Amino acid sequence: MARAVQIAPSILAADFSRLGEQVSESLRAGVRRIHIDVMDGHFVPNITMGPLVVEALRPIARNFGAVMEVHLMIEEPDRYLGDFSRAGAAAMTVHLEACPHLHRTVHNIRALNAQPGVALNPATPLLMLDDILAEIDVALLMSVDPGFGGQKFIASTIDKVARLNKILVERGLERIEIEVDGGVGADNIGALARAGMTIAVAGTSVFNDRKSVTESIAILGTACAAAL
Ligand code: DX5
Ligand code: ZN
């Protein structure tokens, strides 16, 4: 049976001149997880934000009891885990492709009392997660090549989610969240939810100039509920 899905808005797509306002609106609409994309211009071509933004959003997130998760698309993430933790990140996801000592990195995140997550790029096979799976709280499957918001969803991710879900069930690891990131919208959220996704990252499908944040979140929630 498919599990409940939470929507984690990715602030990368937000209007940065009104960031607090837009995050507050998403929290008022029921969101309890804020996705913060950290890019270093090395692991991915783009440069985005760091601990200062996490710190600025902390009081807003705290008001609603929401979790701020940082998606670290950076090389040598261990150097910055302490900074993000002090800034208020309660969940930290690193890329498998950027971490030669992944076991140590995951344990460093755990030692900071944060939820450790591991992200896989679209071309990275699931079997690479095999020996770290039992140690993590979140498995993030990228459904675009990381680096930019607003890219086209890679449809084979749905099958990858289903395969990961099967592995989690077989191993009694259903406590682990399956998060999908990139191009998630009303047209694919239902299929992803049926396949076993439990956290849907949504950037441009939440923050856009077509609909309000509240409306966009409701549309995603409805599409998801209708599919389950
Ligand atoms: C891509 C980022 C995503 C991105 C999602 O590298 O990790 O979180 O902001 O944005 P959309 O939903 O617009 O693809
Ligand atoms: Zn992300």
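**Notebook: zinc site and helix H4**

I looked up the zinc ion (ligand 2) and noted an octahedral site, with angles of 71 to 172 degrees among its six donor atoms. Six donors count as octahedral if opposite donors are over 155 degrees apart and all others between 65 and 115. Donors are N, O and S atoms within 2.8 Å of the metal (3.2 Å for Na, K and Ca); water is not among the atoms, so sites may look incomplete.

This is a predicted model, where local features need pLDDT of at least 70, side-chain atom pairs count only at pLDDT 80 or more, and totals for chains, interfaces and linings use all residues. Residues are numbered from 1 along each chain as its sequence is written, chains are lettered from A and ligands numbered from 1 in the order in which they are written, and side-chain values use heavy atoms, with hydrogens and water left out.

I listed the coordinating atoms of the zinc ion (ligand 2): His35 (NE2), Asp37 (OD), His71 (ND1) and Asp181 (OD), at 2.0 to 2.3 Å. Their spacing in sequence is H-x1-D-x33-H-x109-D.

I checked burial (buried is under 20% relative accessible area, exposed over 50%, with a 1.4 Å probe and protein chains only). Histidine 35 is buried at 1% relative accessibility, and aspartate 37 is buried at 4%.

I turned to helix H4, residues 102-111 (a DSSP run of H or I, at least four residues; strands are E, at least two). Its buried residues are Leu102, Thr105, Val106 and Ile109. They line one face, because they fall within an arc of 100 degrees seen down the axis of H4, taken from the directions from the helix axis to the C-beta atoms. Arg104 and Ala111 are exposed on the other side.

The buried residues of H4 pack against helix H3 (81-87), strand E4 (91-95) and strand E5 (115-120), contact being heavy atoms within 4.5 Å.

Technical notes: Four donors count as tetrahedral if all angles lie between 85 and 135 degrees; four count as square planar and six as octahedral if opposite donors are over 155 degrees apart and all others between 65 and 115; anything else is irregular.
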